[in-house]
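Welcome, and please take a moment to turn the model around before reading on. The paragraphs below will walk you through it step by step.

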Amino acid sequence: MSRILLYIFIISCGFFLSKYNLIPLKLKIKTSILQTLSLFFLLGVMGYKIGSDDKIISEFPTLGFQALIIAIFSILGSILITKFLFKKRGEK
């Protein structure tokens, strides 16, 4: 529970720093590079963890199919909800 509160606190701090423009542009550019590098590192670690787990590898066809179904319905749901909301507001 304390981790979740910590995450919410960190996200809130970032939100307020951004909302009130408390971060200089020069630092924002460096932050963007750091975010990209962190994302690549995270994806690499996740790939290593998945690849080293024999149970996940053996169930990969089933998991892949389920992931495909979830992705398709998520995309379609997002498109439909967006169209509905913008149509309701009278915008194109």
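Let us begin with L6, which sits in helix α1. Keep in mind that this is a predicted model. Is L6 buried, exposed or partly exposed? Its relative accessible area is 45%, so L6 is partly exposed, because that value falls between the 20% under which a residue counts as buried and the 50% over which it counts as exposed. Now look from L6 to Y20, 14 residues apart along the chain: the C-alpha atoms of this pair are separated by 21 Å.

Move on to N21, which you will find in the loop between α1 (residues 2-19) and α2 (residues 25-52). The backbone at N21 has a positive phi of about 50°, although N21 is not a glycine. With a relative accessible area of 57%, N21 is exposed, because the cut-off for that word is over 50%.

From that loop, step into helix α2, where L43 is found. The relative accessibility of L43 is 47%, so this residue counts as partly exposed. L43 also has company: it belongs to a nonpolar patch on the surface, together with L25, I29, I33, L37, L39, F40, L42 and M46. How much accessible area do the members of this patch have together? The figure is about 930 Å².

Now zoom out to the whole chain. Its secondary structure comes to four helices and zero strands, and the order of elements from the N terminus is α-α-α-α. How does the spread of this chain compare with a compact globule? The radius of gyration is 20 Å, well over the 12 Å that the globule rule gives for 92 residues, so the chain is more spread out than a compact globule. If you would like a frame for that picture, imagine a box of roughly 50 × 40 × 30 Å along the principal axes, which the C-alpha atoms fill.

What share of the 92 residues counts as buried? The value is 0%. The chain exposes about 8900 Å², and 74% of this area is supplied by carbon and sulfur atoms.

Finally, consider the charges. The chain carries 12 positive side chains and 4 negative ones. If you mark the centre of each set, the two points lie 21 Å apart.

To look back over the walk: L6 in α1 and L43 in α2 are partly exposed, N21 in the loop between these helices is exposed, and the chain around them is made of four helices with zero strands.

Key: Residues are numbered from 1 along each chain as its sequence is written. This is a predicted model: local features need pLDDT of at least 70, side-chain atom pairs count only at pLDDT 80 or more; totals for chains, interfaces and linings use all residues. Side-chain values use heavy atoms; hydrogens and water are left out. Helices (H or I, at least four residues) and strands (E, at least two) are DSSP runs, numbered from the N terminus. Buried means under 20% relative accessible area, exposed over 50%, partly exposed in between (1.4 Å probe, protein chains only). Patches are made of residues with over 30% relative accessible area and no salt bridge: like charges are joined within 9 Å, nonpolar side chains (Val, Leu, Ile, Met, Phe, Trp, Tyr) within 5 Å. Accessible areas come from the Shrake-Rupley method with a 1.4 Å probe; for residues, only the protein chains shown count as cover. A salt bridge is a side-chain nitrogen of Lys or Arg within 4 Å of a carboxyl oxygen of Asp or Glu. The radius of gyration is taken over C-alpha atoms; the globule rule is 2.2 Å times the number of residues to the power 0.38. Lys and Arg count as positive and Asp and Glu as negative; His and the chain ends are not counted. The place of a charge is taken as NZ of Lys, CZ of Arg, CG of Asp or CD of Glu.
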